[in-house]
Amino acid sequence: MKKIVILISFLLSITAANAQKSNTYECEKGHYINFGIGGGLQSLLYDLQDYGNKKLGWGGAANLNYSYFFTRHWGVGTGLSLKTLAASAKLNSVQTIENAVDEDGYSYSHLTYFNNLKEKQNQILFGVPITLCYQYNVGNRWKLSGSLGAAWMSPIKDKFKTTKGDLETRGFYPEYNLELYGMEQHHFYTADDFKGNNNIGNSWAGLAEIGVLYALSKRWDLSFSVNGVFGISNQASGNSDANIYNPDCMSADAYKNPVYNGILSSGVIDKLRSMSTSLSVGLRYKLEHKKKEKPQDPDIPTDNPIIVDNNKGLDSIPNVDTISQIDDDIEVMDSMPDTVPAIVNNEPENKDIEPNKKVENNPKVRDIIIQPNFELNKYQSQNIKDYYETIDSLAVMLKENPDMHIEIVGHTCDLGSELYNQQLGQSRANFVRQELIKRGVPSKQVVAMSKGETEPLVPNTSEENRKKNRRVEIKIVTE
């Protein structure tokens with residue numbers, strides 16, 4: 001338990017070190033792996049009747065789980081778990097076996113006195129859970145989590161051992177109203193120090209867990225949880241005739257193989273269930289497979305981008321050659337974001353092509369990078385009119401060149417989750433596309449896609465750089 005406390009303290013220090021970062025990590029669909037360790041009140045439940053009293057014990061747990069979230073909030077899970085359970089009992093009673101027969105053939109009642117005999121039981125259970133999972137954002141980095149389900153449990157170790165007290169065997173002869181003891185030659189003796197294996201079966205248990213997740217990064221979460229497991233099916237041996245102690249006393253030539261069966265394997269216990277309530281800490285990792293965007297025409301090349309001066313419109317834009325298209329599945333916006341002045345690439349312009357003239361096929365492929373002043377988490381800004389000249393010029397060129405197509409690509413900085421930034425970049429691209437369509441450009445000439453945060457223009461090492469990465473790129477192509 002001390003090691004677990006030290007580990008939790010260390011993980012909390014990592015949490016505090018990351019707490020000042022402002023990144024937002026949304027709940028996401030996908031595949032997750034979770035590893036956790038913990039401990040708590042983990043014991044066995046049974047009724048000793050009048051034989052004595054029992055005490056619950058403490059144990060530990062480790063789990064390796066897999067979950068798949070088919071929506072941002074709901075998922076299913078399974079995995080593997082190991083739990084250690086402990087319990088103890090103190091026996092103060094008399095066990096009676098009637099119609100015993102001594103070595104001379106006389107019938108008597110065999111008595112076993114349990115004198116504060118303390119038995120400890122220990123189990124290691126292997127489990128396979130099946131759960132319904134839930135997660136929900138409650139802050140930039142914090143999420144609530146929970147699961148509910150059932151687990152199949154199987155004991156891989158199930159032992160008992162007596163640690164204190166003893167038992168004493170005696171014989172009562174009702175015919176003579178006589179009780180004999182302390183006569184080892186007649187198998188009336190005192191004994192202690194027993195150990196062995198319990199005869200416990202497999203079982204099903206219900207389980208519930210509630211906790212919190214703290215995002216350390218886009219893929220790693222730190223988890224803290226409280227969970228409970230309660231046995232549904234009975235683990236008792238079902239041998240109602242078994243005694244706690246079997247002195248092998250039913251025939252004159254017996255008394256050779258006395259056996260201490262243990263409390264849990266005896267007929268004294270008719271119901272046995274496992275239970276645990278524990279605290280756990282762990283790490284969750286998101287498995288992510290990035291999907292490559294599928295171009296409509298993979299054979300057409302692209303070239304290096306240029307950055308366009310917004311004040312010149314498209315008069316100095318060289319011709320381009322191709323376009324890639326993806327489905328426009330994000331809702332388009334009704335207004336266009338503003339821009340900050342951009343920089344003209346130092347590369348020479350194509351002097352063979354006059355602006356606003358019909359463009360002939362040209363193998364040179366160039367990209368336009370527009371650097372609007374997108375604020376964090378926004379796909380529009382306040383100074384919209386500053387950008388109209390560029391949009392108007394581009395619209396004229398597209399309408400006069402029906403064979404020309406453009407690809408609009410939205411980009412973001414690295415703040416936020418990958419899924420959120422992918423959607424934000426798509427909204428920015430859709431935003432530009434809608435403005436062109438409103439100016440009479442046929443929709444088939446304009447497609448929009450998103451690169452999210454995956455292709456930064458400059459490293460995301462400062463807020464100034466992040467502003468530059470919140471941009472839209474336009475690729476102009478001809479057929």
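C27 is buried, with a relative accessible area of just 1%, where buried means under 20% relative accessible area with a 1.4 Å probe and protein chains only. C413 is buried too, at 2%. As for disulfides (pairs of cysteine sulfur atoms within 2.5 Å), the structure holds zero.

All this comes from a predicted model, in which local features need pLDDT of at least 70 and side-chain atom pairs count only at pLDDT 80 or more, while totals for chains, interfaces and linings use all residues. Residues are numbered from 1 along each chain as its sequence is written, and side-chain values use heavy atoms, with hydrogens and water left out.

Next come the empty spaces inside. A cavity is a set of points, on a 1 Å grid over the protein atoms alone, where a 1.4 Å probe fits but cannot get out; lining residues have an atom within 4 Å of a point. Grid points are joined across faces, edges and corners, and a volume is the space filled by probe spheres set on the points. Counted this way, there are four cavities of 30 Å³ or more.

The largest cavity has a volume of about 680 Å³. Its lining has 42 residues, and N34, N63, N65, S147 and E209 are the closest to its centre. Strand β3 (strands are DSSP runs of E, at least two residues, numbered from the N terminus) gives the largest share of this lining, seven residues.

The second largest cavity comes in at about 100 Å³. It is lined by 14 residues, with E26, E28, Y32, K143 and K218 nearest its centre.

Key. 1 Å grid on protein atoms, 1.4 Å probe; cavity = no way out; pocket = protein on both sides within 12 Å on 5 of 7 lines; lining within 4 Å. Helix = DSSP H or I, 4+ residues; strand = E, 2+ residues; numbered from the N terminus. Buried < 20%, exposed > 50% of the residue type's maximum accessible area, 1.4 Å probe, protein only.
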